[in-house]
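Please read the following points beside the coordinates. They deal with the two DNA strands and then with two individual residues.

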2 protein chains.
Amino acid sequence: MTDIEKTLENKGVRPTAMRILIYKYLAEKEVAIALTDMENAFSKADRTTLYRTLKTFEEKRIVHQIDDGTNISKYALCEPGCNCEMEQDLHLHFHCDNCDETVCLTEHKIPHINLPDGYVAENANLVIKGICDKCSGQ
Amino acid sequence: MTDIEKTLENKGVRPTAMRILIYKYLAEKEVAIALTDMENAFSKADRTTLYRTLKTFEEKRIVHQIDDGTNISKYALCEPGCNCEMEQDLHLHFHCDNCDETVCLTEHKIPHINLPDGYVAENANLVIKGICDKCSGQ
DNA sequence: TGTTTCATGCAACGGAAGTGCAATTATTGC
DNA sequence: GCAATAATTGCACTTCCGTTGCATGAAACA
């Protein structure tokens with residue numbers, strides 16, 4: 001039983017062949033992945049399977065969904081021990097307008113914001129747009 | 001010539017009847033408006049006209065686009081004198097998970113973030129999700 | 001082994017964004 | 001005012017993404 005299988009079981013999802021492949025794919029990518037990206041990477045697999053796998057992973061806190069302002073949902077693996085919903089684990093994301101890739105900046109947490117009376121915060125999403133290190137470096 | 005017509009002309013768009021109506025609609029709403037909302041409000045007008053008007057307004061800095069994580073683009077009037085792209089005018093948005101409305105919190109600016117080397121920030125989007133004052137008050 | 005539960009694949013739907021083109025309206029120059 | 005030009009609006013259509021229903025297949029369980 002591999003590490004990935006253990007991880008999946010610990011999170012409460014059955015480690016099927018497909019899911020292990022998808023997990024591996026997400027693990028080796030350093031950028032957030034859209035459903036379309038997965039379709040291209042797994043041309044044999046069905047769209048729905050990929051979709052539902054991502055949803056399952058999200059539900060079980062294996063990945064977190066990222067909304068980078070492109071109106072396309074993307075996903076990235078959670079850090080070990082991350083509890084996505086907790087304020088201390090909410091990190092910001094960077095979207096490069098040049099290469100169109102989105103990355104997690106996990107070490108940059110979203111600062112706490114004091115809201116007006118009556119507003120109750122439950123989640124937060126901060127996306128910085130600009131040019132990423134790879135694109136600006138050249 | 002009304003104030004709205006002057007505003008539109010100053011921003012470089014011809015103040016047609018349709019555009020004045022749309023501007024008024026946006027002005028009297030306190031929440032961010034999606035294209036679908038406009039369709040319902042202006043059942044006589046064509047979707048494309050509304051769509052393109054919003055795009056024109058956005059281009060001319062009359063409205064700013066808001067991405068609240070619902071994967072539906074919404075729009076709200078810019079504050080007078082606002083230059084949406086400038087860091088000092090980037091305010092945060094609040095999306096209520098109960099009533100599904102999104103509001104600008106213009107007095108709450110997005111805090112400056114120090115990015116890793118090589119990353120160049122050009123824009124930022126911060127959305128807090130939770131329960132708004134109207135929904136939590138009851 | 002038979003039953004149940006879960007995962008996968010196929011087909012289709014619906015919503016939203018976007019585009020091409022024709023028709024209409026406004027603006028400009030004469 | 002009138003023709004020529006440019007901008008705006010409306011209609012039809014396409015594309016893309018997210019999502020769901022249903023049938024099949026594989027795994028777990030009794």
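1. A phosphate oxygen of DNA strand D lies 2.7 Å from an N or O atom in the side chain of Thr16(B), which fits the definition of a polar contact (a pair of N or O atoms within 3.5 Å; within protein, one must be able to donate a hydrogen and the other to accept it, and residues adjacent in sequence count only if both atoms are side-chain atoms). For Tyr51(A), a side-chain N or O atom is 2.8 Å from a phosphate oxygen of DNA strand D, whereas Arg52(A) places a polar side-chain atom 2.9 Å from a base oxygen of that strand.

2. This is a predicted model, in which local features need pLDDT of at least 70 and side-chain atom pairs count only at pLDDT 80 or more, while totals for chains, interfaces and linings use all residues. Residues are numbered from 1 along each chain as its sequence is written, chains are lettered from A and ligands numbered from 1 in the order in which they are written, and side-chain values use heavy atoms, with hydrogens and water left out.

3. DNA strand D is surrounded by 18 residues, the closest being Arg47(A), Thr16(B), Arg19(B), Thr49(B) and Arg52(B), where a residue is near a strand or molecule if one of its heavy atoms lies within 4 Å of it. The largest share of this surface, five residues, comes from α4(A), helices being DSSP runs of H or I with at least four residues and strands runs of E with at least two, numbered from the N terminus.

4. Around DNA strand C there are likewise 18 residues, the closest of which are Thr16(A), Arg19(A), Thr49(A), Arg52(A) and Tyr51(B). Sugar and phosphate account for 65% of the atoms of DNA strand C that come within 4 Å of the protein. A polar side-chain atom of Tyr51(B) lies 2.7 Å from a phosphate oxygen of DNA strand C, while one of Arg47(B) lies 3.1 Å from a base oxygen; α4(B) gives the most to the surface near this strand, with five residues.

5. Val13(B) sits in the loop between α1 (3-11) and α2 (17-28) of chain B, and counts as buried because its relative accessibility is 4% (buried means under 20% relative accessible area, exposed over 50%, partly exposed in between, with a 1.4 Å probe and protein chains only). Its C-alpha atom is 7.6 Å from that of Lys60(B), 47 residues apart along the chain.

6. Thr106(B), in strand β5 (residues 102-109) of chain B, also counts as buried, at 19% relative accessibility.
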